[in-house]
Amino acid sequence: IAERPIKSNEKPTGKTIMLSHRDLMDTFGQNDVSDADEDDVINNLHTCINLIASAIDEGTGQWVREHNKGATQSYSDDEEDFIPDNNHSVTYLEGYCSDTDVTVLYIGTIPRCREIHHTTGFLFEDNVHHKMIMRQGQLFRDEFQFRRAVEVFSLREGFKLCIIENGPDLIHLECSLLRCDWKIVGAKISTGNSFIVKDISLTHACHIKRAFKCTSKWIAANYLHLWKQNPETASVEVKQQIIQTFGVVCPEWKIFKAEKRAQQLLGKDHVQGYTRLTQLKTEIERINSHNIVVLETKDEDSGCSKIFHRMFVCFHEPAFTFKMNFRNFIAVDGWVINSVHKSVMLVAAALDGNNDILPIALAEVEIEDFNSWYFFLNNLIRALRRENGEGLCIITDGDNGVLEAIEDCIPLAHCRQCCCSIYNQMLVQFPDPPVKDLFWAACRSTSEVQFTRYIKMIQSSSIECHQWLFQTQWKKWALHCMPVWVKCTNVTIMLTVYLRNSFAKFFSLSIADRFAAISSFIADTYERRRLSGWNWLRNKITPSVQQQIRNRVIQGQQIRILYSTGRQMKVEDTDSMTYEVDITSMTCTCRLWQLSGIPCSHACRCLEELGENIEDNVHQLFSMDQYRTTYASGMDKLPERSKWQLKLCDEILPPSALDNTSFIADDLYDQTLVPTQNDTKETHVEASGAKVSVDNKFVSSSIYVYLQYANISNSYLEHLHLS
């Protein structure tokens with residue numbers, strides 16, 4: 001019973017049985033089972049289990065765990081048998097704090113999601129039955145494709161699923177019939193983002209009844225093999241097969257909708273996604289005239305069609321709330337979208353008063369370079385109405401021309417560089433640096449005194465590392481150089497990584513559906529946070545800041561007050577370091593209070609000594625009144641695609657598709673290849689006027705990237721003796 005609870009938010013249908021604690025007591029016939037006879041309890045419990053089992057055998061709705069009831073559902077019709085995409089996308093964005101980055105910082109690399117393209121995906125037998133293949137060791141692109149594959153498999157086989165575990169790293173599903181032991185377990189592989197079938201039962205112990213269901217999801221699942229063999233399969237052919245097999249005449253519109261769903265499952269709708277971009281632009285501007293969408297195309301060689309070049313989207317609500325109620329701190333980053341067509345998504349994200357992450361603007365470009373970043377930043381400043389970037393603090397990883405674009409486009413903005421990027425560069429120069437702990441202590445130092453102390457310790461440990469660090473423009477990554485008006489202590493771009501994890505389930509969609517899904521996600525985020533603001537009606541400051549204050553109060557218990565002159569005090573910590581605190585001016589010589597806007601541990605100790613409320617000394621950016629004002633207006637949601645207005649416009653073609661060698665380069669990223677026995681042999685390849693010399697002893701996956709851009713065919717790759 002405990003392993004298979006029913007959804008608490010759905011009404012019982014048919015003969016579904018929902019047992020509460022009171023129902024169980026009524027079944028036992030006793031108010032207190034503690035005095036019941038052991039045999040009576042066992043017999044009554046056995047009766048309950050049989051009652052539930054018989055009800056399940058006659059057919060019930062989907063059985064899911066309680067923690068899955070709030071998962072986002074992608075489809076509107078036939079919602080039973082749907083496995084929710086429970087990737088904790090909400091958790092990623094709520095209550096982010098730079099203090100939680102400590103464990104990540106010492107790893108030295110920002111975790112990036114990578115898709116592997118030699119996955120099997122949907123497989124079918126090559127015979128008249130076209131049975132779907134699910135076997136142990138089968139590889140899927142990510143957790144989302146795995147969920148869709150199991151869902152299609154269950155619809156084709158005619159059984160219902162029970163979700164035992166549905167997480168981002170492990171998915172465990174079983175047959176909903178209690179008498180059947182069928183199960184499938186999928187897990188994320190350690191070297192990437194792919195999902196592998198870890199365990200699967202080959203046969204069912206129950207009798208499966210396969211009957212026709214007139215829903216687009218069922219039709220798409222049972223005839224998916226037709227669209228995989230031939231994406232141009234006509235709806236008439238599917239209709240005839242349904243008539244021959246089941247003797248049912250299915251409506252044309254239902255088959256058409258199933259075809260669209262099948263193309264989305266197989267990733268065959270990307271070309272149509274580019275053709276709908278003009279329609280998407282019109283809809284975004286129609287729901288709010290202040291929304292900004294910039295769509296740029298290139299002329300085809302023949303001059304008859306337009307080819308997609310890049311697109312920028314900024315919704316009015318996030319831009320307006322950022323200007324009025326957010327800290328002037330923006331993190332920008334670029335994400336590679338590994339789809340059929342080459343693209344990179346550029347994003348700008350910010351933090352609200354509860355440290356919740358909110359995307360401000362998005363762009364999709366062909367490549368990440370100076371021109372793409374200049375296009376993105378120029379439109380971002382225009383949307384925020386910040387000429388030359390004055391009053392903005394922007395943090396970035398500094399790669400692919402973003403720093404040069406910031407200097408040219410927004411010269412008055414305060415530019416920061418991600419400390420993880422600096423650390424990775426240091427690892428290239430010094431593979432095993434003895435100062436990595438000291439480096440992170442220095443970059444997170446809030447005062448110049450602390451920073452200088454750690455830098456001297458680095459110098460005494462490694463002169464080479466010390467000299468290299470001072471050549472990296474340390475004022476751009478050292479925390480104590482952050483302007484106090486920013487009210488932020490972030491030294492990495494980890495908030496964009498969390499945002500990417502939340503958007504990961506949209507990356508397999510076509511470009512139009514991807515931006516539409518992200519728009520709906522932001523609108524839902526606005527509504528959820530608006531309601532949360534009223535749930536915290538009695539709070540004076542946001543919950544995230546309250547938790548930070550509680551942590552600092554605990555730290556302040558070990559601090560000793562040396563002397564006090566009214567509202568000015570001098571304290572000493574456990575390291576015998578002294579600090580001066582001024583309650584009136586809300587300052588401390590450690591500078592954490594000034595940088596974050598939240599009293600530091602020294603200030604918390606002094607405020608407790610004076611008997612004052614610590615929350616009264618927090619910056620107004622973190623007040624609940626400010627938070628409720630931020631999301632009070634809400635955000636208009638983009639209508640469903642079927643309700644978009646039709647408009648005659650030029651057809652937009654996708655950019656040229658990637659060849660297979662680009663996928664190989666991404667698959668082998670950061671993997672060490674085994675050299676051949678002839679470690680010193682050099683291989684020379686001539687291609688497009690470029691000569692490549694490869695020393696097999698030091699071969700890495702990066703050679704594939706070079707060969708790809710040199711237009712070298714796969715036959716040449718065989719001569720490189722690569723694993």
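Okay, let's start with a strand pair: strand 15 and strand 16, residues 568–572, run antiparallel and share five bridges. When I say two strands pair, I mean that DSSP finds at least two bridges between them. Helices and strands here are DSSP runs, numbered from the N terminus, with H or I over at least four residues for a helix and E over at least two for a strand. One bridge to look at on your screens is Thr565, whose partner in strand 16 is Gln568.

Before going on, the housekeeping. This is a predicted model, where local features need pLDDT of at least 70 and side-chain atom pairs count only at pLDDT 80 or more, while totals for chains, interfaces and linings use all residues. Residues are numbered from 1 along each chain as its sequence is written, and side-chain values use heavy atoms, with hydrogens and water left out.

So how confident is the predictor? pLDDT is its confidence in each residue, on a scale from 0 to 100. The protein chain averages 77, and 75% of the residues score at least 70. Residues 59–81 are a weak stretch: pLDDT is below 50 there, although the model gives this stretch 69 contacts beyond near neighbours in sequence. A contact, by the way, means heavy atoms within 4.5 Å. Residues 102–117 also stay under 50, with 48 contacts beyond four places in sequence. Where pLDDT is low, the predicted coordinates should not be read in detail.

Back to the opening pair. Strands 15 and 16 belong to an open sheet of four strands, in the order 15-16-17-18, with antiparallel pairing. Its edges are strand 15, at 560–565, and strand 18, at 587–588, each of which pairs on one side only. Across strands 15, 16, 17 (578–582) and 18 lies helix 23, residues 601–610, running at about 125° to strand 16. For that angle, axes are lines fitted to C-alpha atoms, for helices over the stretch in contact, and angles run from 0 to 180 degrees between N-to-C directions.

Helix 23 has a helix partner too. Its axis and that of helix 21, residues 543–556, come within 8 Å and cross at roughly 80°. That makes the two helices, 21 and 23, roughly perpendicular. For the wording, under 35 degrees is roughly parallel, over 145 roughly antiparallel, 65 to 115 roughly perpendicular, and the rest oblique. Helix 21 brings Arg552, Val553, Gln555 and Gly556 to this contact, and helix 23 brings Ser601, Cys604, Arg605 and Glu608.

There is an annotation in this region. UniProt, in an unreviewed entry, places the feature "domain: SWIM-type" at residues 579–611. UniProt positions are in the numbering used here, feature names are shortened, and annotations may be inferred rather than shown by experiment. In the model, the end C-alpha atoms of residues 579–611 lie 20 Å apart, and the span is 45% helix and 18% strand.

Now a second helix pair. Helix 15, residues 419–429, and helix 16, residues 436–443, have axes that come within 11 Å and cross at roughly 155°. That makes helix 15 roughly antiparallel to helix 16. Cys419, Cys420, Ile422, Tyr423 and Met426 of helix 15 meet Lys436, Phe439, Trp440 and Cys443 of helix 16.

Next, another open sheet, this one with five strands in the order 3-7-6-5-4 and antiparallel pairing. Strand 3 (139–140) and strand 4 (161–166) are the edges, each pairing on one side only. Which residue stands opposite Phe140 in strand 7? Phe195 does. Strand 3 and strand 7, residues 195–200, are held in register by two bridges, antiparallel. Strand 6 and strand 7 share five bridges, also antiparallel, and a hairpin of six residues joins them. Val185 has Asp199 as its bridge partner in strand 7. Strand 5 (170–175) and strand 6 (183–188) pair antiparallel over five bridges, with Leu170 partnered by Ala187 in strand 6.

Last stop, strand 9, residues 306–314. Eight antiparallel bridges join it to strand 8, residues 292–299, and one partner pair is Val294 with Phe312. Strand 9 also has four antiparallel bridges to strand 12, residues 357–365, where Arg310 partners Val365. With strand 19, residues 652–653, strand 9 runs parallel, over two bridges; Lys306 has Ile652 as its partner there.

Conventions:
pLDDT is the predictor's confidence in each residue, from 0 to 100.
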